[in-house]
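I opened the notebook to record what I looked up in this structure. The entries follow the order in which I checked things.

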Amino acid sequence: MSTKRITLAALFMALVIILSSSYLSVPVPGGHFYVNGILICLVGLLFPPTESVIVAGIGSFIGDFLFYPAPMFVTLVSHSLQVLAISLLVKQAYESLSKSRFFTALVLGAILNLIGYFLGRSFLYANLPTALMKLPFDTFAAVLSIVIVYFIYYHTRFVAMFKKAWEN
């Protein structure tokens with residue numbers, strides 16, 4: 001892996017950690033509303049599987065460790081499975097990624113993440129009523145992430161610029 005790739009991965013990991021901060025979240029019943037899902041979805045689309053898990057899975061784990069440690073292991077498993085599924089389905093297709101494969105990957109990743117957090121909240125660091133109360137907010141965050149990532153991926157030059165930086 002080149003120095004440029006390591007630098008890009010470190011930059012994205014730093015952004016995931018920052019966006020996992022409680023300071024950048026909105027309190028909602030049952031927890032907080034985070035926007036780090038946007039970046040986590042982008043990581044799954046842009047990076048190979050191993051790097052995706054390191055950047056988004058471990059990055060969000062570190063973010064939780066630093067800012068809100070109770071769910072950090074649930075976060076590690078949920079976000080790692082989410083980005084792994086996305087990355088394996090899209091295989092760094094970049095501009096040739098069909099919209100159906102894009103949505104399939106992101107929806108599957110969102111479902112894995114929702115299930116992971118629901119189970120973790122229900123049985124490990126909270127309880128079933130809290131998990132049920134938080135589920136609509138987590139679902140809204142997942143849908144919002146998919147919509148914003150769709151716009152970034154298909155309607156900006158971000159992917160082309162990333163591809164150019166990744167391949168050089």
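I count a contact when heavy atoms lie within 4.5 Å. The model is predicted, and I kept that in mind throughout.

**Entry 1: helix α4**

I began with what covers the buried residues of α4. The cover includes α2, α3 and α5. Then I listed the buried positions. They are Met72, Val74, Thr75, Ser78, His79, Ser80, Gln82, Val83, Ala85, Ile86, Ser87 and Val90. Next I checked the span. α4 has 19 residues and reaches 27 Å from its first C-alpha to its last. That is close to the 27 Å expected at 1.5 Å a residue.

**Entry 2: helix α3**

I ran the same checks on α3. It also reads as 19 residues, with 26 Å from first C-alpha to last. The expected value is 27 Å, and the span of α3 is close to it. I found Glu51, Ser52, Val55, Ala56, Gly57, Gly59, Ser60, Phe61, Gly63 and Asp64 buried in α3. I noted Glu51 and Asp64 in that buried set. What covers the buried residues of α3? I found α1, α2, α4 and α5 among the covering elements.

**Entry 3: the nonpolar core**

I turned to the largest nonpolar core. It holds 34 residues. Leu45 and Leu46 have the most contacts inside this core. The elements that give two or more residues to it are α1 (3-19), α2 (36-46), α3 (49-67), α4 (72-90), α5 (99-125), α6 (128-155) and α7 (158-167). Which helix gives the most? I found that α2 does, with eight residues. I added a general remark here. In soluble globular proteins, nonpolar side chains tend to be buried together.

I then followed Leu46 outward. Leaving out residues up to four places away in sequence, Leu46 touches Phe12, Gln92, Tyr94, Tyr153, Phe158, Val159 and Phe162.

**Entry 4: α1 against α7**

Phe12, Phe158 and Phe162 turned up again when I looked at how α1 meets α7. On the α1 side I listed Lys4, Arg5, Leu8 and Phe12. On the α7 side I listed Phe158, Phe162, Ala165 and Trp166. The two helices pack at an angle of about 140°, with their axes 9 Å apart. Because the angle is about 140°, not over 145, α1 counts as oblique to α7. By class, I recorded six nonpolar, no polar and two charged residues in the contact of α1 with α7.

**Entry 5: the loop after α4**

I went back to the end of α4. Lys91 comes just after α4 and has a positive phi of about 50°. Lys91 is not a glycine, so I marked it. Lys91 lies in the loop between α4 and α5. Is Lys91 buried or exposed? Lys91 counts as exposed, at 65% relative accessibility.

Gln92 lies in the loop between α4 and α5 too. Phi of Gln92 is near 50°, again positive in a residue other than glycine. Gln92 is partly exposed, because its relative accessible area is 24% and the cut-off for buried is under 20%. I had already noted Gln92 as one of the residues that Leu46 touches.

**Entry 6: Tyr125**

I found Tyr125 in helix α5. At 22% relative accessibility, Tyr125 counts as partly exposed. What does Tyr125 contact beyond its neighbours within four places in sequence? I listed Ala70, Pro71, Val74, Tyr117 and Gly120. Val74 was in my list of buried α4 residues. I also checked Tyr125 against Leu89, 36 residues apart along the chain. Their C-alpha atoms are separated by 31 Å.

**Entry 7: Thr130**

Thr130 is in helix α6. Thr130 counts as buried because its relative accessibility is 19%, and buried means under 20%. Not counting residues up to four places away in sequence, Thr130 touches Gly30 and Arg121.

**Entry 8: Gly31**

I closed with Gly31, in strand β2 (residues 31-33). Gly31 is partly exposed, with a relative accessible area of 27%. Its contacts, leaving aside neighbours within four places in sequence, are Val26 and Lys134. I also looked up Gly31 against Arg157, 126 residues apart along the chain. The C-alpha atoms of Gly31 and Arg157 are separated by 35 Å.

Methods. Residues numbered from 1 in each chain as written. Predicted model: local features only at pLDDT ≥ 70, side-chain atom pairs only at ≥ 80, totals over all residues. Heavy atoms only, no water. Core = buried A, V, L, I, M, F, W, Y, C linked by side-chain atoms within 4.5 Å. Buried < 20%, exposed > 50% of the residue type's maximum accessible area, 1.4 Å probe, protein only. Helix = DSSP H or I, 4+ residues; strand = E, 2+ residues; numbered from the N terminus. Expected span 1.5 Å × (residues − 1). Axes fitted to C-alpha atoms, helices over the stretch in contact; angles between N-to-C directions. Parallel < 35°, antiparallel > 145°, perpendicular 65-115°, else oblique. Nonpolar A, V, L, I, M, F, W, Y, C, P; charged D, E, K, R; others polar.
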